[in-house]
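Visitor: I'm new to this one. Could you walk me through how to read it?

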Amino acid sequence: MKIHTAEFIISNTDVSKCPKDRLPEYAFIGRSNVGKSSLINMLMQRKDLAKTSGKPGKTQLINHFKINNTWLLVDLPGYGYAQVSKSKRKSFQKFIQDYFLQREQLVCSFVLIDIRHDPQKVDLDFMQFLGENKVPFCIVFTKADKLGSSSLNKQVTSYKKKLLQYWEEVPTSFITSSTSGMGREEFLQFIDGVNESFSIDS
Ligand code: GDP
């Protein structure tokens with residue numbers, strides 16, 4: 001898939017105010033600092049479509065982008081960052097939950113995992129929430145360039161092994177690096193395939 005256009009549409013904290021378009025929608029979520037903004041910018045080949053910052057917890061809104069006029073990309077707030085106050089964390093958890101429970105256009109979510117880290121409870125709990133509510137998701141391992149190929153394989157294998165303690169099968173996963181562009185083609189091909197199943201020519 002070639003990215004011809006990537007336009008920002010709207011940011012908000014209320015799922016009822018999200019765009020009314022009936023286009024297939026893909027949501028990106030993960031712990032703060034996982035590399036979500038960098039990944040979105042890498043995939044879209046834009047420098048600053050999503051805001052990258054060294055300050056975790058900054059993006060606390062549901063951000064909608066329209067891609068190639070055929071599908072929607074959603075940049076969701078990072079979760080599980082300790083320095084965000086408890087009340088704030090609760091409030092974005094609620095609107096994140098509402099988003100996943102109510103957004104009918106959502107066809108797939110991407111849960112981002114920093115490949116250098118062992119499985120974290122907050123991520124496993126989040127996947128559990130998606131599973132229980134029948135929200136389809138894939139795992140996207142980020143920052144692959146930070147590991148050598150053998151430790152990369154070792155981390156991916158042990159992560160999947162951990163998931164098999166909870167799931168009958170491991171969700172589709174991608175290994176990416178925003179600095180090298182690794183995983184980009186495969187990832188966009190996946191979206192293309194899903195879009196095609198909705199008869200959309202992207
Ligand atoms: P977000 O909070 O999840 O949106 O994370 P950011 O995209 O802002 O990235 C957090 C930090 O990780 C920044 O310092 C990025 O430069 C760095 N980072 C993100 N992705 C990668 C990657 O693929 N490789 C490397 N080496 N660093 C990355």
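Visitor: How many cavities of 30 Å³ or more does a search of the whole structure find?

Guide: A cavity is a set of points on a 1 Å grid, over the protein atoms alone, where a 1.4 Å probe fits but cannot get out. Here the search finds one of 30 Å³ or more, with a volume of about 40 Å³. Volume is the space filled by probe spheres set on the points, which are joined across faces, edges and corners. Keep in mind that this is a predicted model, where local features need pLDDT of at least 70, side-chain atom pairs count only at pLDDT 80 or more, and totals for chains, interfaces and linings use all residues. Residues are numbered from 1 along each chain as its sequence is written, and side-chain values use heavy atoms, leaving out hydrogens and water.

Visitor: Which residues line the largest cavity?

Guide: Lining residues have an atom within 4 Å of a point. Among them are R31, V34, L112, H117 and D123. Strand 5 (residues 106-114) gives the most, three residues; strands are DSSP runs of E, at least two residues long.

Visitor: In what order do the seven strands form the sheet?

Guide: Two strands pair if DSSP finds at least two bridges between them. The open sheet runs 1-3-4-2-5-6-7, with mixed pairing. Strand 1 (6-12) and strand 7 (173-175) each have a single partner strand, so one side of each lacks a neighbour in the sheet.

Visitor: How many bridges join strand 2 to strand 5?

Guide: Six, and strand 2 (residues 25-30) and strand 5 run parallel. In that neighbouring strand 5, L112 stands opposite G30.

Definitions and conventions:
On a 1 Å grid over the protein atoms alone, a cavity is a set of points where a 1.4 Å probe fits but cannot get out, and a pocket is an open set with protein on both sides within 12 Å along at least five of seven lines; lining residues have an atom within 4 Å of a point. Helices (H or I, at least four residues) and strands (E, at least two) are DSSP runs, numbered from the N terminus.
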